[in-house]
Each structure stands twice: as C-alpha cells, then as structure tokens.
Amino acid sequence: MKIINEVKFSMPSFSVNESVARAVVSSFLIQADPTVEELADIRTAVSEAVTNAVVHGYRHSSGKIELVVRILEGNIIYIKIKDKGCGIPDIEKAMQPLFTTAPEEERSGLGFSVMESFTDKLTVKSIVGKGTTIIMRKKLKNNE
C-alpha cells in the first residue's frame, strides 16, 4: 500500500513522554482530516501502547520507544510502536482483558483491549529479551 506521508519519532521510555507521543500523532494526523472521535480513538490507542512499553517493556530498566505514523493510500492510518524491552512471553495471555504483569501498580490489564477497540487491526509481535512491536491500523471514514 502506498505511503502518502510518514513521521518517525524516538523518545526515552519516560512516562511523561506518553503525552508527547499523543501530541506528535495528533499533530501529524491533522493533515488526514480525521473526525474528533477518530482522533480521540487513535490518541487513546497510542497512549495505551506507549504506556505498555514504559510500564511493562522497560519495567526494570529504561530505553527508547520508537514511533512510526503513516498515512496510507485509502486514508488508512498505520502506527507502529516499538520497544527493545523485556518482551512478552505469552502474547495471547497478555492480550486477555484484565491480565496484567504489574498488579502492584494497580494496572487494570485493559491496554490491549483498548487498543483493539479503537483500531481496525492490532498486531503484536514480541521476543522475550528483545522487545515488542505493536502495529495498529485504522481507516478514517470521514472522507468517504
């Protein structure tokens, strides 16, 4: 699928940068003319993915979080969030609602559920000890 435009962004795994990621995505996607609801959904999904990288991926360490946002042909939004943290041993289990590896931090275990509900397609790839990549896609309906 043809890339119309793309932005790549890298940030340290500080929790404060979750809001920076939302701002970068929002600013970039304005050119695709999303509805307020579509933009809110995407911002929420990005927040969850970045928070997962900070809280779970780099739980006992720190590192970089890479963010790629593309506007694809057909007004499809592609977002990739990648960390080089600890990885997920069991992706299927981790994607179950209410599952969390950080109950002591009062985490609800709904991050992947939220990402799935606000996007059209969610792909999670992970290798223990090497990190996790989350890819989200959403077709904007405002221009149909």
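Is lysine 138 buried or exposed? I looked this up before anything else, and lysine 138 is buried, with a relative accessible area of 11%. I note for all entries that the model is a predicted one.

**Entry: lysine 138 and its partner**

I searched for a charged partner and found that the side chain of lysine 138 meets that of aspartate 41 in a salt bridge, 3.8 Å from N to O. Aspartate 41 sits in helix 2 and lysine 138 in strand 5, 97 residues apart, and the pair links these distant parts of the chain. I checked aspartate 41 as well: its relative accessibility is 14%, so it counts as buried, the limit being under 20%.

**Entry: the other salt bridges**

How many salt bridges does a search of the whole structure find? I got three.

Another of them joins arginine 70 to glutamate 6, with the closest N and O atoms 2.5 Å apart. Arginine 70 belongs to strand 2 and glutamate 6 to strand 1, so this pair ties together parts that are 64 residues apart in sequence. Glutamate 6 is partly exposed, at a relative accessible area of 30%.

I then looked at arginine 22 and glutamate 18, whose side chains meet in a salt bridge of 2.4 Å, N to O. Both are in helix 1, and because they are four residues apart, about one helical turn separates them. Arginine 22 is partly exposed at 22%, whereas glutamate 18 is buried at 16%.

**Entry: helix 1 and the loop before it**

I stayed with helix 1 and picked serine 26. Serine 26 counts as buried, with 9% relative accessibility. Leaving aside neighbours within four places in sequence, I found serine 26 in contact with Leu39 and Arg43.

Valine 16 is in the loop between strand 1 (3–12) and helix 1 (17–29). I read 56% relative accessibility for valine 16, so it counts as exposed, the limit being over 50%. From valine 16 to threonine 51 I have 9.6 Å, C-alpha to C-alpha, with their positions 35 residues apart in sequence.

**Entry: strand 5 and its neighbours**

I went back to strand 5, where seven of the nine residues are buried. Strand 3 (residues 76–83) runs antiparallel to strand 5, and eight bridges join the two. In this pairing I found isoleucine 79 opposite methionine 136.

Strand 4 (residues 121–127) also pairs with strand 5 in the antiparallel sense, over seven bridges. Here serine 126 stands opposite threonine 132. Strand 4 and strand 5 form a hairpin with three residues between them, and glycine 129 in the turn has a positive phi of about 85 degrees.

I chose threonine 133 in strand 5 for a closer look. Threonine 133 is buried, at 17% relative accessible area. Not counting residues up to four places away in sequence, threonine 133 touches Lys80, Ile81, Lys82, Thr123, Val124 and Lys125.

**Entry: the nonpolar cores**

How many residues has the largest nonpolar core? I found 32, and those with the most contacts inside it include Ile79, Ile81 and Met136. Among the elements that each supply at least two residues of this core are helix 1, strand 3 and strand 5. Helix 2 gives the most, with eight residues. Apart from this core lies another, of five residues, among them Val68, Ile76, Tyr78 and Ile135.

Last, I listed contacts of isoleucine 81 beyond four places in sequence; they include Val46, Ala49, Leu67, Thr133 and Met136.

Technical notes
Residues numbered from 1 in each chain as written. Predicted model: local features only at pLDDT ≥ 70, side-chain atom pairs only at ≥ 80, totals over all residues. Heavy atoms only, no water. Buried < 20%, exposed > 50% of the residue type's maximum accessible area, 1.4 Å probe, protein only. Contact = heavy atoms within 4.5 Å. Pairing = 2+ DSSP bridges. Core = buried A, V, L, I, M, F, W, Y, C linked by side-chain atoms within 4.5 Å. Salt bridge = Lys/Arg side-chain N within 4 Å of Asp/Glu carboxyl O.
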